[in-house]
Structure formats: structure tokens, C-alpha cells
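The report below works through one protein chain, beginning with its sheet and moving on to selected side chains and backbone details. Please keep the sequence and the model at hand while reading.

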Amino acid sequence: MNFRIGQGYDIHRLVEGRDLILGGVQIPYHKGLLGHSDADVLLHAITDAMLGALGLGDIGTHFPDTDPEYEGADSLMLLQKSYDLVQIKGYRLVNADSTILAEQPKLKPFIPKIRECIADALSTDISSISVKATTGEKMGFIGREEGIAAQAVVLLKEI
Ligand code: MG
């Protein structure tokens with residue numbers, strides 16, 4: 001059986017006046033992430049990992065931030081479009097594991113909903129989608145709450 005692994009990393013700046021959307025879930029907070037799309041840093045990392053596993057480039061290649069079509073885009077849609085490409089290439093998701101790096105807000109209460117949202121978008125079981133969260137221990141740009149980052153790995157198998 002042929003397996004492929006991919007990793008993804010993304011970061012967005014935290015600013016006033018934007019909604020905070022992580023893993024397709026709106027998180028109540030007084031700041032949100034800045035970006036051309038909805039700036040869902042977690043979904044961008046997972047999407048990049050998925051594309052990377054098959055050497056299909058990155059999210060910016062497929063959905064350029066210069067394209068008005070993707071202004072304010074729902075990143076769940078970008079993830080689904082990328083997974084469509086994966087399936088066209090003859091692969092399916094085995095599992096995804098990810099970590100959100102955020103000093104604030106506390107994300108633990110939202111993790112089950114985020115996992116469910118991603119699993120639904122990919123028509124997979126919630127047990128295949130792992131989402132974790134950690135802080136920057138008040139160090140660096142994460143610790144200073146300048147932004148939120150996310151890392152992801154995905155495993156695909158040929159069908
Ligand atoms: Mg991004």
C-alpha cells in the first residue's frame with residue numbers, strides 16, 4: 001500500500017475588527033486573524049499538509065491571495081477543494097494531526113467542535129482528525145499575542 005505524508009505551517013497576525021475563525025469554528029474573542037481569506041490559520045496548515053503530501057504545491061498556488069474570488073473565502077471550502085484534488089489523484093486521508101499555537105484565547109473548550117467541523121468537511125470520522133492547542137509560554141510573537149500559528153501533518157493512502 002502506498003502512503004504519503006505531508007506537513008503544513010501557517011501564521012496570521014491578530015488584529016482588532018476581525019472574526020477569529022479556527023478550524024471552521026468562530027471563536028468568541030475581541031480580535032481576529034488578518035488575511036485575504038477568512039484567515040483560518042489551522043485549516044491553511046492542514047490544507048498545505050494535504051497538498052504537500054502529493055507534491056501539489058501549496059495553498060497560495062491553488063488559491064492566490066491576489067485573486068478577488070478568494071477575498072473573505074471560507075477556508076473550509078479551500079480545504080475541501082484541495083481534498084477533491086487529492087481524491088482525483090487516487091488518495092484518501094488516513095489521519096491529520098495538528099497544533100494551534102495561541103497565547104489567547106483558551107481554545108480547549110472549542111477543540112471538540114473544531115475536530116467535528118473538519119471531519120464533516122472531509123467526510124471522515126472525528127477520530128481521524130486531531131487538533132491540539134498550546135501557548136507560547138508568554139515568549140516570542142505567540143506569547144506577545146501578535147499572531148496565531150498552526151502546524152499540521154497528514155497521512156494519505158492510495159486507494
Ligand atoms: Mg494562511
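Two strands are taken to pair if DSSP finds at least two bridges between them. The model is a predicted one, and the values that follow are computed from it.

**The sheet**

With that meaning of pairing in mind, tyrosine 91 can be placed opposite glutamate 158, its bridge partner in S7. Tyrosine 91 belongs to strand S5, which covers residues 91–101, while strand S7 covers residues 147–158. The two strands S5 and S7 run antiparallel and are joined by 10 bridges. On the subject of such pairing, strands of a sheet pair through backbone hydrogen bonds, either parallel or antiparallel.

Strand S7 also pairs with S1, again in the antiparallel sense, and this pairing extends over 11 bridges. Within it, tyrosine 9 has glutamine 151 of S7 as its bridge partner. Strand S1, made of residues 3–16, pairs in addition with S4, where the sense is antiparallel and the pairing comprises 3 bridges. Here valine 15 stands opposite glycine 32 of S4.

Taken together, these strands form part of an open sheet of 5 strands, whose order is S4-S1-S7-S5-S6 and whose pairing is mixed. The edges are occupied by strand S4 (31–33) and strand S6 (129–134), each of which pairs on one side only. From one strand to the next, the twist averages 20°. Helix H1, residues 41–53, lies across S1, S4, S5, S6 and S7, and its direction is at about 155° to that of S1.

**The loop between S4 and H1**

What surrounds aspartate 38, leaving aside its neighbours within four places in sequence? This residue is found in the loop between S4 and H1, and, with those neighbours set aside, aspartate 38 is in contact with Arg18, Ile21, Leu33, His44, Gly72, Ala73, Asp74 and Ser75. Aspartate 38 is buried yet has no salt bridge, and the nearest side chain of opposite charge, that of arginine 18, is 6.5 Å away. Since a salt bridge calls for a side-chain nitrogen of Lys or Arg within 4 Å of a carboxyl oxygen of Asp or Glu, the 6.5 Å to arginine 18 does not qualify.

The side chain of aspartate 38 does, however, make a polar contact with the side chain of serine 75, at 2.4 Å. A polar atom of the aspartate 38 side chain also lies 3.1 Å from the backbone nitrogen of aspartate 40.

Alanine 39 is found in the loop between S4 and H1 as well. Its phi is near 60°, a positive value in a residue other than glycine, and alanine 39 counts as buried because its relative accessibility is 0%.

**A buried serine in H3**

Serine 82 has its place in helix H3, which consists of residues 75–88. Is serine 82 buried or exposed? Its relative accessibility is 0%, so serine 82 counts as buried. Leaving aside its neighbours within four places in sequence, serine 82 is in contact with Thr47, Met50, Leu51 and Phe63.

**Salt bridges**

A search of the whole structure finds 2 salt bridges, set out here with their N to O distances.

| Residue pair | Distance, N to O |
|---|---|
| Lysine 132 and aspartate 97 | 2.8 Å |
| Glutamate 146 and arginine 144 | 2.7 Å |

Lysine 132 lies in strand S6 and aspartate 97 in strand S5, so this pair ties together parts that are 35 residues apart in sequence. Lysine 132 is partly exposed, with a relative accessible area of 36%, and aspartate 97, at 26% relative accessibility, also counts as partly exposed. In the other pair, glutamate 146 counts as partly exposed at 35% relative accessibility, whereas arginine 144, at 53%, counts as exposed.

**Further backbone details**

Two loops that follow S5 and S6 hold backbone features that can be checked in the model. The peptide bond from glutamine 104 to proline 105 is cis, with omega near -10°, and proline 105 has its place in the loop between S5 and helix H4 (111–121). Glutamate 137, which lies in the loop between S6 and helix H5 (140–143), has a phi near 50°, a positive value in a residue other than glycine. At 62% relative accessibility, glutamate 137 counts as exposed, whereas alanine 39, with its positive phi, counts as buried.

How values were computed:
Residues are numbered from 1 along each chain as its sequence is written. This is a predicted model: local features need pLDDT of at least 70, side-chain atom pairs count only at pLDDT 80 or more; totals for chains, interfaces and linings use all residues. Side-chain values use heavy atoms; hydrogens and water are left out. Helices (H or I, at least four residues) and strands (E, at least two) are DSSP runs, numbered from the N terminus. Axes are lines fitted to C-alpha atoms, for helices over the stretch in contact, and angles run from 0 to 180 degrees between N-to-C directions. Contact means heavy atoms within 4.5 Å. Buried means under 20% relative accessible area, exposed over 50%, partly exposed in between (1.4 Å probe, protein chains only). Lys and Arg count as positive and Asp and Glu as negative; His and the chain ends are not counted. A polar contact is a pair of N or O atoms within 3.5 Å; within protein, one must be able to donate a hydrogen and the other to accept it, and residues adjacent in sequence count only if both atoms are side-chain atoms.
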